[in-house]
Structures are given as C-alpha cells and as structure tokens.
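Student: Could you show me how to read the strand pairing and the packing of a model such as this one?
Tutor: Let us begin with the display and then take the features in turn.

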Amino acid sequence: MRAIGFTQKLPITDDTSLTEFFEPKPTPTGHDLLVKVVATSVNPVDTAVRRGTTGVLPTPKVLGFDAYGIVDAVGDAVSLFQPGDRVWYAGSFKRPGTDSEYHLVDERIVGPAPEKLSPAEMAAIPLTSLTAWEALFEQMHIDVDTPQANAGKTILIINGAGGVGSMATQFAHLAGLTVIATASRPETIAWTQDHGADHVVNHREDLVPQVQALGYPTVDYILELSNLNQHWPEIVSLIVPSGSIVSITGSDTPIDLRALKQKRATFAWEWMFTKSYFGTPDMLSQHDILTRVAQLVDSGQIVTTLTKTLSPIDAANLRTAHELVESNRMIGKVVLTNESGSD
Ligand SMILES: NC(=O)c1ccc[n+]([C@@H]2O[C@H](COP(=O)([O-])OP(=O)(O)OC[C@H]3O[C@@H](n4cnc5c(N)ncnc54)[C@H](OP(=O)(O)O)[C@@H]3O)[C@@H](O)[C@H]2O)c1
C-alpha cells in the first residue's frame with residue numbers, strides 16, 4: 001500500500017521532508033480494524049513529532065492521527081464494527097499513522113461516522129473534539145447535559161480559533177456556559193464569535209484587564225490551548241477560588257503550582273492520547289464520545305471546523321498542510337482527502 005512518511009527532521013519547504021513509499025498492507029488481529037483511509041487532517045502533534053525527531057530513522061515514520069474511512073477487515077476480537085462500516089477516529093500516539101492507504105486502529109477508540117458530512121468535514125473533527133470533550137467534561141467535570149445548571153458559569157478559552165478551541169467553544173456553549181474566547185486577528189475574532197463565544201479578548205495583550213472590563217473579576221474555568229508558560233500569570237490571576245484549570249499544551253519551563261494554593265484552584269492536564277497510550281480501563285469512552293459527537297454533528301448542534309481541503313492525499317499536499325499548521329495561525333482545520341468534490 002501507499003504511505004507517506006519521513007526519516008529525518010527537515011524544513012517542511014524541503015521536497016524530501018515528507019515522501020511517498022510503499023509497504024505491505026497490514027492484517028488486523030485482536031481488537032484492530034483495518035481502515036481504508038478516505039480523509040485525514042494535520043494537527044500540531046504531527047508537525048511536533050516530525051520536528052522533534054533527531055538523527056535518521058531506519059524506516060520511514062508515518063504520521064497522521066485523524067481519519068474518516070471505511071472498515072476493510074476486522075480482527076478476531078472485534079465486536080463493535082464490521083467490514084463496510086463508515087468510521088472516524090483520532091488514533092494512537094504509539095502506532096503508525098493515517099497518512100497511508102490503509103490503517104490499523106483499535107476499535108475501542110473508533111466511532112461510527114456522522115451521516116451528514118463530507119469525508120473532509122468529518123476528518124477535521126475527531127482529535128480536536130476528543131481533546132475538548134475530555135478537557136471540559138472529564139477533567140473539569142462540567143456536565144454537558146445540564147446547561148441550565150451551568151448557566152451563570154464562565155469559562156475562559158485561551159486560543160479560541162485554533163482546531164481545539166473551535167470545538168471547545170462550541171461544546172462549552174452547548175453546555176450552557178458563558179464563553180470568553182481569545183483571538184488576535186479580525187478573522188479569528190469573527191470565527192470564535194461564529195462558533196459560540198459570548199465575548200472575545202486578545203491573547204496578544206494582557207488578558208486580565210480585558211476580562212475584568214467585561215464585568216468578570218474572575219472566571220470559573222480556564223482552558224489553556226496555546227502556551228501555558230506565557231499565559232500562566234494571567235490564569236493564576238483570573239481563576240475564581242476553587243476554580244478549575246486545564247491545559248493541553250506542554251510547559252517549556254516549570255510552572256509554579258504554589259501560586260494556586262490560596263485560591264485552592266485545581267489544575268489538570270489533558271492529553272487526548274492517554275487512554276490508548278496506557279490502555280486504560282476507560283479506553284472505550286473515546287468510542288462513546290465520538291458516537292455522541294457524531295449525533296451532535298448530525299443534529300446540527302455542532303458544526304465541522306474544516307476550513308481548508310487538499311486533494312488527493314499525497315506528499316506534496318501533506319507538506320502544504322504541515323506548513324499551514326506550523327504557521328501557528330490556523331483557523332479551524334486543514335484536511336487531506338482522496339474523495340474529489342468532498343467539500
Ligand atoms: N494535549 C492534547 O491532547 C492536545 C490535543 C490537541 C492539540 N494540542 C496542542 O494544543 C495546542 C493547540 O492546538 P490546535 O490544534 O488548536 O492549534 P492551532 O489550530 O494550530 O492553533 C492556531 C491558533 O493559535 C492561536 N495562537 C497563536 N499564538 C497564540 C498565543 N500566544 N496565545 C493564544 N493563542 C495563540 C492563533 O490565533 P490568532 O491568529 O488569533 O493569534 C491561531 O488561530 C498545540 O500546542 C497542540 O500541540 C494538545
């Protein structure tokens with residue numbers, strides 16, 4: 001089968017930074033599905049892994065996490081899907097990725113695909129929606145099904161227009177929260193407003209006076225989706241006593257958790273890959289979340305965050321998509337698809 005990968009860290013403008021090669025089509029065993037990939041997206045994790053690689057790898061590493069595709073074959077322990085099923089998922093950090101013709105994935109982190117979206121519109125959603133859902137509804141313990149009880153609660157979402165922020169803003173709005181999202185350009189400000197932000201503040205300037213000028217001395221929840229070190233002092237200042245903070249980004253230098261002691265605020269990480277990486281007992285919850293998100297998409301309560309489609313899935317288009325994500329200026333998501341006219 002055809003696949004796209006890399007063996008060493010090269011600038012994405014180099015034609016050999018991501019190249020096509022052929023490898024055997026894998027055979028599914030156990031809980032694995034073999035999926036024919038129809039569309040895949042590029043996330044910052046793809047570019048981070050490529051750019052974080054040292055030396056020369058003995059064999060090409062295949063990136064790609066998001067997928068929409070069709071089940072081609074199943075392992076002997078599979079019970080949730082059968083060949084021919086339409087599926088979507090965000091994959092595992094440990095395994096070869098979806099930048100290939102066929103892909104192996106554990107059925108427990110796969111959901112039935114929505115009915116009403118194009119392949120590209122679907123492939124934009126899984127990784128960012130799992131991240132946003134787990135951050136809000138697992139790590140922050142917000143109940144998505146009690147919007148009336150959540151009314152009056154306020155969340156600050158730092159980086160509202162990126163892939164994750166575009167989903168988090170929609171989910172928080174759906175859960176009944178007042179959403180203050182951050183964005184710095186006219187187009188990202190408009191995008192966050194269109195996706196459910198009640199207020200927008202600029203993350204290139206001090207967030208504290210901007211949020212307070214809106215009438216909120218503090219906020220109940222803060223979801224950090226861009227640069228924890230940069231925004232930490234603002235987070236410490238703005239979180240309400242006993243409030244909840246979740247970050248999905250790394251921390252280049254240690255953060256001072258002692259700063260939260262007087263407010264006894266809670267800080268938690270979200271890593272979308274934790275469940276599949278450690279094979280946790282609640283791994284099946286990603287199947288449940290993707291099933292629920294598909295229903296929300298089909299009912300029109302959540303919209304796709306697709307903004308750019310590249311076709312077909314080949315090395316040149318993949319390099320273009322990596323370059324876009326590396327710019328750190330993405331609005332929503334960039335997707336590669338083999339299905340022509342899919343958006
Ligand atoms: N832990 C996990 O499971 C997980 C999952 C997904 C992503 N991530 C990480 O989360 C981060 C966001 O991912 P993403 O896919 O949403 O990224 P993205 O789509 O590439 O985000 C792009 C957006 O970032 C905004 N931005 C740039 N600099 C900023 C700053 N200093 N403060 C706030 N916003 C800023 C830009 O807004 P403006 O143009 O308006 O400035 C732009 O719209 C990445 O670091 C990614 O690796 C982690």
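Student: Which residue in S12 does Val 219 stand opposite?
Tutor: Val 219 stands opposite Ile 239 in S12. This is a predicted model, in which local features need pLDDT of at least 70 and side-chain atom pairs count only at pLDDT 80 or more, while totals for chains, interfaces and linings use all residues. Residues are numbered from 1 along each chain as its sequence is written, and side-chain values use heavy atoms, with hydrogens and water left out.

Student: How many bridges join strand S11 and strand S12?
Tutor: Two strands pair if DSSP finds at least two bridges between them, strands being DSSP runs of E of at least two residues and helices runs of H or I of at least four, numbered from the N terminus. Here S11 (residues 219-224) and S12 (residues 239-247) pair in the parallel sense over 5 bridges. They belong to an open, parallel sheet of 6 strands in the order S10-S9-S8-S11-S12-S13. Strands S10 (199-201) and S13 (266-269) stand at the edges with a single partner strand each, so one side of each lacks a neighbour in the sheet.

Student: Where does the largest nonpolar core lie?
Tutor: In soluble globular proteins, nonpolar side chains tend to be buried together. A nonpolar core is a set of buried (under 20% relative accessible area, 1.4 Å probe, protein chains only) Ala, Val, Leu, Ile, Met, Phe, Trp, Tyr and Cys residues joined through side-chain atoms within 4.5 Å. The largest has 81 residues, and helix H3 (residues 126-139) gives the most to it, with 7 residues. Domain 1 (2-125 + 275-337) and domain 2 (129-269), with bounds from an automatic or database domain assignment, both give residues to this core, so it lies between them.

How values were computed
Buried means under 20% relative accessible area, exposed over 50%, partly exposed in between (1.4 Å probe, protein chains only).
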